[in-house]
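Hi,

Here is the structure I promised to pass on. Have a look at it first, and then read on for what turned up.

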Amino acid sequence: MTTYTLRSASPAKTRADAVVVGVVQKGKDARLAAGAEDVTAAFGRRLRPLLANLGVTGKPGEVVKLPTQGLIGAGLLVLVGFGKQDAVDAAGVRRAAGAAARAVANAASVAIALPADTPELVRAVTEGWQLGGYNFTAYKSDSASPAKNPHEVVVLSSIARQAAATTAFEEAQVVAAAVAQARDWVNTPAQDLTPPLFVESLQAFHKQVTKGRGAPKLTLTVLDEAELAEQGCGGIIGVGQASDAPPRLAVLRYRPRGAVAHLALVGKGITYDSGGLSIKPANSMHTMKCDMAGAAAVLQATYAIARLGLPISVTTFAPMAENMVSGRSTRPGDVLTIHGGRTVEVLNTDAEGRLVLADALVMATEEKPDVILDVATLTGHMVVALGDRVAGVMGSEEIVQEVLAAGQVAGEPLWPMPIPEDMDERIHSSKVADLAQHDWTRWGGGLFAAAFLREFTDGLPWAHLDIAGPAFNSGGPHGEVTSGGTGFAVGTLVDFARERAAQD
Ligand code: BES
Ligand code: MN
Ligand code: ZN
């Protein structure tokens, strides 16, 4: 366990094993960033040649450690690069704090002296550090060795005594914890996170969050396969029926007193996506345990919103199914009836996400929310379009704008995508059912999927976040983003709710 404190001490005098400072590139020079003034003063004229000799450039992601030889209170100075920014922004601070967290191993105590003179920056430092230091060792047999994370982390900030700073500091920890739990779920192998096992883990988590005095009040209900059939959820049933592990639908409700609005969240919870009979090639399958990242994000965002006590009602739907191959598989050509009665011709069983989302979206509309957001690792097309670090956002114009603004605050890159007119024709092209789930035109598949989802939103204000790219990091860590599940969208959803709760 690491304890975190926010303090306004001098980084030069602080007695910690290590002090983290930022480095900015100024022309050919590298200088210490805001927050490290005392360290710059303590090193005096020694600093410039020292940085030059060490080859410190200040480029983003660079981390250099040097022994301080008694010049400052801490024995180790950790220099983390910011790049060429004059005004260091929150995203840059978040990234730098994340990189630093991984670089500081074996220090029992760390003081972070990164730019933190606004509540936004306090939040960025805290979140970045906690997220960057995340690791997933549950399946490592040598994980008996103690965690490398320090016991004590002090975030230094000149505004540490201001209420806005302490609030930002505490809220950052709530959001970071939610992201970490979302990452844990995504990283858990699909064999241990089938729909029933996902529900078990969710129920255990729920119990822990809601127990005790002053704990947030949320209610969790779960529909099993029989109840789903009773509700006419043909999408969830159809996608899940080939698996030995039956599908589920988790519904999480947060109803605070004095709520100013009602937000519905829907997250794709395919615990494994083999593609079904339209089976995936082997090299597209090995990361498909991540296909429940949308569900993980909306659930964890809801818990975070409740823990923050935001005055906004939230109803969250997580349809869970395992998309497998067996004698019971849904076939291309089969027709499924979605909750509410509309029929869909399945043409590619690998386009399963939209089928489970359709049922859940219709259920969401029945709650008469003010706005619906859905989050899904929905299409490879979006990864082709935007790469693996940016999510696509589609839907009602004003809601898309609100989501983009929330993403800015949260430090998660999102980009607007259109739902062109002709998609409407394409989704209505089935000769046997109300809607076609897929067509064999390759182009614009992510937009087709959004047009399909829109059919189930009953004209309510809505946005769809396709997180197929950023939900899972197959490469090495960068900034606050670690390898594997990233927890993408948790922060954006929380900030969306925060912004909504602050209106009227
Ligand atoms: N889960 C995948 C999408 C995906 C791709 C997520 C890459 C994460 C990384 C989704 O269910 C899928 O298979 N989509 C198909 C849609 C197609 C059949 C219309 C795809 O992307 O090819
Ligand atoms: Mn699929
Ligand atoms: Zn999928």
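A good place to start is helix 15, where Gly 445, Gly 446, Leu 447, Phe 448, Ala 449, Ala 450, Ala 451, Phe 452 and Leu 453 are buried. That makes nine of the ten residues in this helix, which spans 445-454, so to speak under cover. Before going further, please keep in mind that this is a predicted model.

Now for the overall picture. The chain holds 16 helices and 21 strands. Its radius of gyration is 24 Å, while the globule rule gives 23 Å for 504 residues; the two are close, so the chain is as compact as a globular protein of that length. If you want to picture the outline, the C-alpha atoms fill a box of roughly 80 × 45 × 45 Å along the principal axes.

How much of the chain is buried? The share is 58% of the 504 residues. About 20,800 Å² is exposed, and carbon and sulfur atoms supply 52% of that area. As for contacts with a separation of 6 or more, 76% of them join residues that are 24 or more positions apart. On the charge side, there are 44 positive and 52 negative charges, and their mean positions lie 10 Å apart.

The strand I would look at next is strand 12, residues 313-323, where eleven of eleven residues are buried. Both of its faces are covered. One side carries Ser 313, Thr 315, Phe 317, Pro 319, Ala 321 and Asn 323, and the other carries Val 314, Thr 316, Ala 318, Met 320 and Glu 322.

Which strands pair with strand 12? Among them are these:

- Strand 9 (residues 248-254) runs antiparallel to strand 12, with seven bridges between them. Arg 248 has Met 320 as its bridge partner there.
- Strand 10 (residues 262-267) pairs with strand 12 in the parallel sense, over five bridges. Here Leu 265 stands opposite Thr 316.
- Strand 11 (residues 269-273) is also parallel to strand 12, joined by four bridges. Asp 273 finds its bridge partner in Asn 323.

Further along the chain there is an open sheet of three strands, in the order 13-14-18 and with mixed pairing. Strand 13 (335-337) and strand 18 (435-436) sit at the edges with a single partner strand each, so one side of each has no neighbour in the sheet. Strand 14 (residues 343-345) and strand 18 run parallel and are joined by two bridges. To find that pairing on screen, look for Glu 345, which stands opposite Ala 436 of strand 18.

Finally, two backbone spots to check. Lys 368 is not a glycine, yet its phi is positive, at about 50°. You will find Lys 368 in the loop between helix 11 (353-366) and strand 15 (371-376). The other is Ala 489, also a residue other than glycine, with a positive phi near 95°. Ala 489 lies in the loop between strand 21 (484-485) and helix 16 (490-502).

Are these two buried or exposed? Lys 368 has 64% relative accessibility, and since the cut-off for exposed is over 50%, Lys 368 counts as exposed. Ala 489 has 0% relative accessibility and counts as buried, the limit being under 20%.

Happy browsing!

Key. Residues numbered from 1 in each chain as written. Chains lettered and ligands numbered in written order. Predicted model: local features only at pLDDT ≥ 70, side-chain atom pairs only at ≥ 80, totals over all residues. Heavy atoms only, no water. Rg over C-alpha atoms; globule rule 2.2 N^0.38 Å. Buried < 20%, exposed > 50% of the residue type's maximum accessible area, 1.4 Å probe, protein only. Contact = heavy atoms within 4.5 Å. Areas by Shrake-Rupley, 256 points an atom, 1.4 Å probe, with all protein chains shown as cover. Lys, Arg positive; Asp, Glu negative; His and termini not counted. Charge placed at Lys NZ, Arg CZ, Asp CG, Glu CD. Pairing = 2+ DSSP bridges.
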